[in-house]
Amino acid sequence: MFVHNEFDFTESVTLNLGLRYTDDSIKVKDAIMGIGVLPQFGKEKFVTPCLITTYPAGPIGSPACPFLGPAAPPFNDSRNDKDFSWRVGVEWNASDDLLVYSNITTGYRSGGYSLPFAGAATTFEPEELLTLELGFKYQLLDDTLRINASAFRYVYDDVQVNVDDPVSPLVPITRNIGEQLNTGFEADITWQPVPALNLRQSVGYLDSEFNNTDRVVSTYTGAIPLEGKRPVNSPEWTYNGALRWQQQVADGMDLIIGVDYRWIDDRYLEATNQPFDKQGDYWVANARVALATDKWEVAVYGTNLFDEDYVTYINNIGFFRIDVYGEPQTFGASVRYRF
């Protein structure tokens, strides 16, 4: 349930107020944590013998499954989380072309459960967020050039973070680890120098770290404290851009050329920030060329044109590692018709 309203103090100053109430109920019914597969048909629940490719198959609790104990009974539980969140914002129309704004906002994410196979059922508490933002939107050159920029500060309390379960390290579980601080800025420029051409460039900076936490994560390299570590997928710098050209080449037919690209600074893919869990910086570029009318479109495209190898997810526990890579170089064509 939420309410939002705007109040005009003057012709150029507007106050934005919002309030939201959330009530989340979560229930776990007959959960069994164990390694194996469920039956393909029916509703029966059971756990098959251990199936880990690095060990011979064996029953639960055997040396083939060293981190498994006896099968636990089904887990049942429920929780209820309630929250009031709010927003206060001020907008100042300094001129017809310039808007300056500021927002203070709170946010909330409900608690829940981690139910890893071969591990213990755990619960985690709600995560709360306070955001501070100051920015502007500016148009010039007869509205052909637009500049947007904002600076922000995010303060997470009881932040929910995925870490490896010390009982069953193959699967991450969610824990509340304390505070997370995000400080940074974003800026983008959109320019249309001629009607057929649209250019967009943007840059972002992020300083992010875990703070005021005594959480220590058990890993195969030993116990690692999270204080001062950088959150997962939080590159310090990002940059992206796009170019779009649309020109009529025949009666009722347009040629459309689009190119977009992005650069991502190096970033960690595990909260423990180990050197072997770090993805270096990389570029990705895509392109698309199309002939289109009001009814149909024929296009060819290419993604990851330079065939950049980059990892989007890592689960690394020493004797077992999963790397998930981004989309490889791909070329294709498409035909669309609008009825």
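**Pocket, surface patch and salt bridges**

In the largest pocket, the largest share of the lining, four residues, is supplied by strand 9. The structure described here is a predicted model, and the pocket in question holds about 360 Å³ of space. Its lining is made up of 18 residues, and those that lie nearest the centre of the pocket are Q160, V161, N162, V232 and N233. Strand 9 (160–164) is joined by strand 10 (172–176) and strand 21 in supplying at least two residues each to this lining. When the lining of the largest pocket is sorted by class, eight residues are nonpolar, seven are polar and three are charged.

On the surface, a nonpolar patch of about 840 Å² is formed by V3, F7, L17, L19, F84, W86, V88, I104, L130 and L132. Two or more residues of this patch are given by each of strand 1 (2–8), strand 2 (13–31), strand 3 (75–95) and strand 7 (127–140), and the largest share, three residues, comes from strand 3. One of the patch residues, L130, is located in strand 7 and counts as partly exposed because its relative accessibility is 33%, a value between the limits of 20% and 50% that bound this class.

Salt bridges were considered next, and five are counted in the model. The side chains of R109 and E127 form one of them, with an N to O distance of 3.1 Å. Since R109 belongs to strand 4 (residues 98–109) and E127 to strand 7, this pair ties together parts that are 18 residues apart in sequence. The two partners differ in their surroundings, for R109 is partly exposed at 44% relative accessibility, whereas E127 is buried at 8%. A salt bridge also links R288 with E297, whose closest N and O atoms are 2.6 Å apart; here R288 is partly exposed, with a relative accessible area of 29%, while E297, at 6% relative accessibility, is buried. Salt bridges with shared partners join R79, D81 and E125 into one network. Within that network, the side chains of D81 and R79 meet at 2.9 Å, N to O, and both D81 and R79 are buried.

Several loop positions also deserve description. D143, in the loop between strand 7 and strand 8 (145–157), has a phi angle near 65 degrees, a positive value in a residue other than glycine. A positive phi, near 50 degrees, is likewise found at D307, which is not glycine either and which is placed in the loop between strand 20 (296–303) and strand 21 (311–316). D143 counts as partly exposed at 42% relative accessibility, and D307 counts as partly exposed at 39%.

Two further loop residues can be described through pairs that are separated along the chain. P126, in the loop between strand 6 (122–124) and strand 7, is buried, with a relative accessible area of 18%, and the C-alpha atoms of P126 and V159 are 8.0 Å apart in space although 33 residues separate the two in sequence. N212, by contrast, is exposed at 58% relative accessibility and is found in the loop between strand 12 (197–211) and strand 13 (216–219); the distance between the C-alpha atoms of N212 and D157, which are 55 residues apart along the chain, is 9.8 Å.

Key:
Residues are numbered from 1 along each chain as its sequence is written. This is a predicted model: local features need pLDDT of at least 70, side-chain atom pairs count only at pLDDT 80 or more; totals for chains, interfaces and linings use all residues. Side-chain values use heavy atoms; hydrogens and water are left out. Patches are made of residues with over 30% relative accessible area and no salt bridge: like charges are joined within 9 Å, nonpolar side chains (Val, Leu, Ile, Met, Phe, Trp, Tyr) within 5 Å. Accessible areas come from the Shrake-Rupley method with a 1.4 Å probe; for residues, only the protein chains shown count as cover. A salt bridge is a side-chain nitrogen of Lys or Arg within 4 Å of a carboxyl oxygen of Asp or Glu. Buried means under 20% relative accessible area, exposed over 50%, partly exposed in between (1.4 Å probe, protein chains only). On a 1 Å grid over the protein atoms alone, a cavity is a set of points where a 1.4 Å probe fits but cannot get out, and a pocket is an open set with protein on both sides within 12 Å along at least five of seven lines; lining residues have an atom within 4 Å of a point. Grid points are joined across faces, edges and corners, and a volume is the space filled by probe spheres set on the points. Ala, Val, Leu, Ile, Met, Phe, Trp, Tyr, Cys and Pro count as nonpolar, Asp, Glu, Lys and Arg as charged, and the others, Gly among them, as polar.
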